[in-house]
Amino acid sequence: MNPSLRAVIIDDETNAREALTNLLRIVCPEVEVCGEARNADIGIELIRKERPHLIFLDIQMPGKSGFDLLSTFEKVDFGVIFTTAYQEYAIRAFRFSAIDYLLKPIDPDELQTAVGKFRDRVGSVNPEQLRILQEQLDPVRTPRLIERKRNDNQRIALPTAEGIHFVQMTDIIQCESLGSYTKFHLVKGPAIVVSRLLKEYEEILDNYYFFRVHQSNIINLEHIKRYVKGDGGQIWMSDNTEIEVSRRRKDEFLALLSDFYVNSGKLK
């Protein structure tokens, strides 16, 4: 197969650049590596010179970060796949922003999937996606956050076949499982269906006031109108939908609901 995608690799680790180059040659022969850079400054010049379709970019590098590199371009008109050694909470951040990433050491199958997604989409990264990712990866955040954060002023990127939808967290009423898909019910406009499992969004939204009350539903606590006690109980949401609470999740749900009302100032 003749190379059809021109790519550059920007990473401060020589071994990481060599390993990725070799992997691409084996599993993604359609990708031509037209240059490598060991830091952001060299990477910026390389991108301007080679005008690649795609860059593989490390986030943490000595001096300027991967974000600093991207911020120097008035328009990011190339694809970006981040490579990172981050674990756990950072994965949530990438999913939150719907930006492609590869965890080091890079898995060949995951590399092939990421390149395939870019090839099918052939698009650049939206600046709003980068803003969301950078906010979620803010260095002041700790890997395991004990206190849940308010949903105010936070947006999430939802990837669909039509493109990326940026949605205010406060506008999400609930997330409903549709097999391999998740349906987002919103305050305004039609629902958005994303090709991801509800389990993934349970992990993504874990630090906010969302809760999986049942196998099929994650609810936004801000949109609860009424809770009726029962075996597990029932919830009426702001759009007048009724959702059952699983018996085994009842106690955890009520504890979080109490915490939400206290922290939101609705209980004095």
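Helices (H or I, at least four residues) and strands (E, at least two) are here DSSP runs, numbered from the N terminus. The exercises below concern a predicted model.

**Exercise 1.** Locate arginine 51 among these elements, and decide whether arginine 51 is buried or exposed.

*Solution.* Begin with the backbone, where phi of arginine 51 is near 45°, a positive value in a residue other than glycine. Next, place the residue in the loop between α2 (40–50) and β3 (54–58). Finally, exposed means over 50% relative accessible area, and because arginine 51 has 60% relative accessibility, this residue counts as exposed.

**Exercise 2.** Carry out the same analysis for asparagine 240, asking which loop holds this residue.

*Solution.* Asparagine 240 is not a glycine, yet its phi is positive, at about 70°. The residue lies in the loop between β14 (234–237) and β15 (242–244). With 53% relative accessibility, asparagine 240 therefore counts as exposed. As background, most residues other than glycine have a negative phi.

**Exercise 3.** Identify which elements each supply at least two residues of the lining of the second largest cavity, and describe that lining by class.

*Solution.* A search of the whole structure finds two cavities of 30 Å³ or more, and the second largest has a volume of about 40 Å³. Its lining includes Ile9, Ile10, Ala16, Arg17, Leu20 and Lys104. The elements sought are β1 (5–10) and α1 (14–27), with α1 giving the largest share, three residues. By class, the lining has six nonpolar, one polar and three charged residues. One lining residue, Lys104, is joined by a cis peptide bond to proline 105, with omega about -10°, and proline 105 lies in the loop between β5 (101–103) and α5 (108–121).

Conventions. Residues numbered from 1 in each chain as written. Predicted model: local features only at pLDDT ≥ 70, side-chain atom pairs only at ≥ 80, totals over all residues. Heavy atoms only, no water. 1 Å grid on protein atoms, 1.4 Å probe; cavity = no way out; pocket = protein on both sides within 12 Å on 5 of 7 lines; lining within 4 Å. Points joined across faces, edges and corners; volume = space filled by probe spheres on them. Nonpolar A, V, L, I, M, F, W, Y, C, P; charged D, E, K, R; others polar. Buried < 20%, exposed > 50% of the residue type's maximum accessible area, 1.4 Å probe, protein only.
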